[in-house]
Amino acid sequence: MFLNWESGETNPTTDVKFFDNEISKFLVEKDQINRFEISHLKSEYFSFLHQLYDEIAINLQKKLENATSQELTKKEIVEKSIPSFFESGRMISKEEIIGISYSDTDRKLLAQTENKIKVLERSDVEPIIKNLGTATKCVLAFLNAFGLLEITSDKDRQKQIEAWKLKYSNEYFEEINQKIEDYSSAKQAFEASGSGKLSNLIPDHWIKQGTWNKFIESSIEFLNSLEQEEKTKYTKKICAYCHQSLQTQEAKHLINIYQQMREEHETKLESVEKELQSVSDTLNSAITELNGLQKNKKIIESEFKHLGRSDKIKLDLEKLKKVIITIKTAVDNTELIEINLEDSLLIQETWDYFEKLNDDFIKVTKSLTDSLENRQQSTEVFREQLSPLKHRRDLVVNKKNILEYFKYEELTKEIKDKLSDISAIRQVTSRLATKFSQEVPLAVFKKNLKKEYENFDFVLPEVWELRTSTRGEETKRVYSLRDKKLSEIFSEGERKIHALADFFAQCQTNEYKGVFIFDDPVNSLDDENIEVVRKRILNLVEDGNQVIVFTHNQFFLYSLIEHNYEKEKINKLERLTSSIYLETEIQVGKENELKKVFDEMKKRMKGLSNKPEQDLSEYELREVYNLMSGYLETYVEVKLFKEIVTRYRPNIRMHSLERFKEVDFSIIDDLIDLYAQTSRKGSRHSQPLPAPAPKYPELVKDFEHLKHKYLYKSK
């Protein structure tokens, strides 16, 4: 059963195992459905499995339809892009597709081959060769400006080999710096000579200034350009610049002295100056070619398609030009050239780029030129080269769709295999379900039932039989004694024991732990069987279950609570006129019980005192005496016998005998007299007919006697 708590609060439904007299009869008189609830014994789990198989099959079928649709879609896409892919003998494996690649080299080779075929199929090969020649000239202009073409002879092959070499290497700039240092040395010698000869004519620091030197050089060149007469006039009488008369003899000889100095160092200076000027002119040509190269970039790039390229020239030509200008400025100023690693790498990178580009243009031009000799033959060769390249390219381009086709093809096969497996599993499950429902649950239940019979010390007849009977989808267990049912043979007590054993066996088979409720489980049982039921119920508690027992059998109640004296707690249900009153945690045999009865007596005595004596009924007086009589019985158990002996316990508590040391047995006579008085005046026990009716004054006296001498509180 399931228990719902209707207390105004939300509480979960609780699974409860319930046993009462009606259930006891049902377990004996009816054949029971083998409905075991734990997973490894639930027969209906096979139905769940079949349902699960059906759901899986439906889902797999849906997935199969989707996978098949996707497989066909991907196949159509691949067939459209690569018509020959699915041809017999040409289809390649998934692993080959995963490993296939299409490199930049393949891409360039394909573009070049396709371009060669296009060129061969056109009649304008000559213009293409011409345009390639124009682009090649632009590249050669750069190579000529930045390098040298070296020609060597190959004696073995009897031919000349041409190779470009970069002019502006680090060694080249080191040589230029050496010339600059030579020039500086010659100039310093010239200035040292001038300091000695002209120190009295002009300031010493003028001689060391480049501007002054240029000024004097210009003066000499001007004078040398004049006729002899004019030349004599400007060197002896008049200043060639201000046309004023030369005032001193030193001034008249200044030009002659300076010209004499120049003639002494002229050979060395002029030689170095000419070399540096040549370098400057070369650098200037390089700058000019860089300007032209920037203008001709598009001409060069327009021919990249014939190389199978689609990129652009990404070199920083403007930066390279600034580097060359900086070098030229240093040469013009006869200053040492300073070039860092980045600039050096830029020069080398640009040179390598255009040297490679020149080689590529030459190769393509030569190839096109050669191809003109036998166009048709070349076309066929190129097509043979083109076919595998295009096929590999198409495979790479369509790799995603091809792999998805393989994926859905594999998925389709996998789903079909699983559907086949599900069908086989369903058949095996059906066979197992039949065997399981007939053998396994009943075998486990029989084992547990036998154990429960042993727990209850119950011996079955030798002819006892437990078998299964299947009708429709239900399998029942049938008890019998030959041709008789248990209910026809067993006594009432045996039926009760069998019902309890069946109930506990079901719980054991289902491995149930939780709440157990028993309603009068021991009616029809003798004291011996009550004891074994008690032990079995206490075992439930020890296994961690919550057990609720309803009973009218006080012997059974006290035998239950006897197992733990310190935790004797019971709840009392009392039926009222329109409801049921639940009193919780009653302390059986404790002072609490005495207090409760005493308080009730006190309450009733107060009620009687508020009435006229003539209005008091005999029934009301006897009821108080009944309470006093019951109070004294409990007093004897709790106070006199120290709960070592009670009315409803079958055994004496031997471990508590020492409590008798505290007992005052001198009150026994008085206690007997008072108990006799209260019993005679009450209605709890049968009385002889002439027994006198109770009187109120006597009741007051007897109550005061009890209150004074036998109050429940400890002294």
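Tutor: Let's start with a yardstick: a residue is buried at under 20% relative accessible area, exposed at over 50%, and partly exposed in between, using a 1.4 Å probe and protein chains only. The model is predicted, so local features need pLDDT of at least 70 and side-chain atom pairs pLDDT 80 or more, while totals for chains, interfaces and linings use all residues. Residues are numbered from 1 along each chain as its sequence is written, and side-chain values use heavy atoms, leaving out hydrogens and water.

Student: Why does leucine 386 count as buried?

Tutor: Its relative accessibility is 9%, and the cut-off is under 20%, so leucine 386 is buried. Leucine 386 sits in helix α14, residues 375–397. Helices here are DSSP runs of H or I with at least four residues, strands are runs of E with at least two, and both are numbered from the N terminus.

Student: What is leucine 386 in contact with, leaving aside its neighbours within four places in sequence?

Tutor: Contact means heavy atoms within 4.5 Å. By that rule, leucine 386 is in contact with Leu110, Thr113, Glu114 and Ile117. Its C-alpha is also 8.7 Å from that of leucine 109, although 277 residues separate the two along the chain.

Student: And what makes proline 388 count as partly exposed?

Tutor: Proline 388 is another residue of α14. Its relative accessibility is 44%, which lies between the two cut-offs, so partly exposed is the right label. From its C-alpha to that of leucine 110 is 9.6 Å, across 278 residues of chain.

Student: Why is proline 692 called exposed?

Tutor: Its relative accessible area is 53%, over the 50% cut-off, so exposed fits. Proline 692 is in the loop between α22 and α23. It touches Arg622 and Lys681, not counting residues up to four places away in sequence. The C-alpha atoms of proline 692 and lysine 681 are 7.7 Å apart, with their positions 11 residues apart in sequence.

Student: How do you know that helix α22 has a reach close to the expected one?

Tutor: The expected span is 1.5 Å times one less than the number of residues. For the 14 residues of α22 (668–681) that gives 20 Å, and the helix reaches 20 Å from its first C-alpha to its last. The buried residues of α22 are Leu671, Leu674, Gln677, Thr678, Ser679 and Lys681, and they pack against α21 (618–640) and α23 (696–709).

Student: What makes α17 mostly covered?

Tutor: Of its 18 residues, 13 are buried. Helix α17, residues 492–509, reaches 26 Å, close to the 26 Å expected. Glutamate 511 follows α17 and has a positive phi, near 55°.

Student: Which loop holds aspartate 520, and why does aspartate 520 count as buried?

Tutor: Aspartate 520 lies in the loop between β8 (515–519) and α18 (527–542). At 18% relative accessibility it falls under the 20% cut-off, so it is buried. Its phi is near 50°, a positive value in a residue other than glycine. Serine 524 is found in that β8 to α18 loop too; its phi is near 80°, and at 39% it is partly exposed.

Student: What makes a set of residues a nonpolar core?

Tutor: The set must consist of buried Ala, Val, Leu, Ile, Met, Phe, Trp, Tyr and Cys residues joined through side-chain atoms within 4.5 Å. The largest such core has 50 residues, and those with the most contacts inside it include Phe142, Ile300 and Phe361. α5 gives the most to this core, with 11 residues. Phenylalanine 361 touches Leu132, Val139 and Leu307, among others. Apart from this core lies another, of 39 residues, including Phe456 and Val532.

Student: How many cavities of 30 Å³ or more does the structure hold?

Tutor: There is 1. About 50 Å³ of space lies in the largest cavity, and its lining is Val28, Glu29, Lys30, Asp31, Tyr479, Lys485 and Leu486.

Student: How many of the residues in that lining are charged?

Tutor: By class, 4 are charged, 3 nonpolar and none polar. Asp, Glu, Lys and Arg count as charged, Ala, Val, Leu, Ile, Met, Phe, Trp, Tyr, Cys and Pro as nonpolar, and the others, Gly among them, as polar. A cavity is a set of points on a 1 Å grid, over the protein atoms alone, where a 1.4 Å probe fits but cannot get out; lining residues have an atom within 4 Å of a point. Grid points are joined across faces, edges and corners, and the volume is the space filled by probe spheres set on them.

Key: 1 Å grid on protein atoms, 1.4 Å probe; cavity = no way out; pocket = protein on both sides within 12 Å on 5 of 7 lines; lining within 4 Å.
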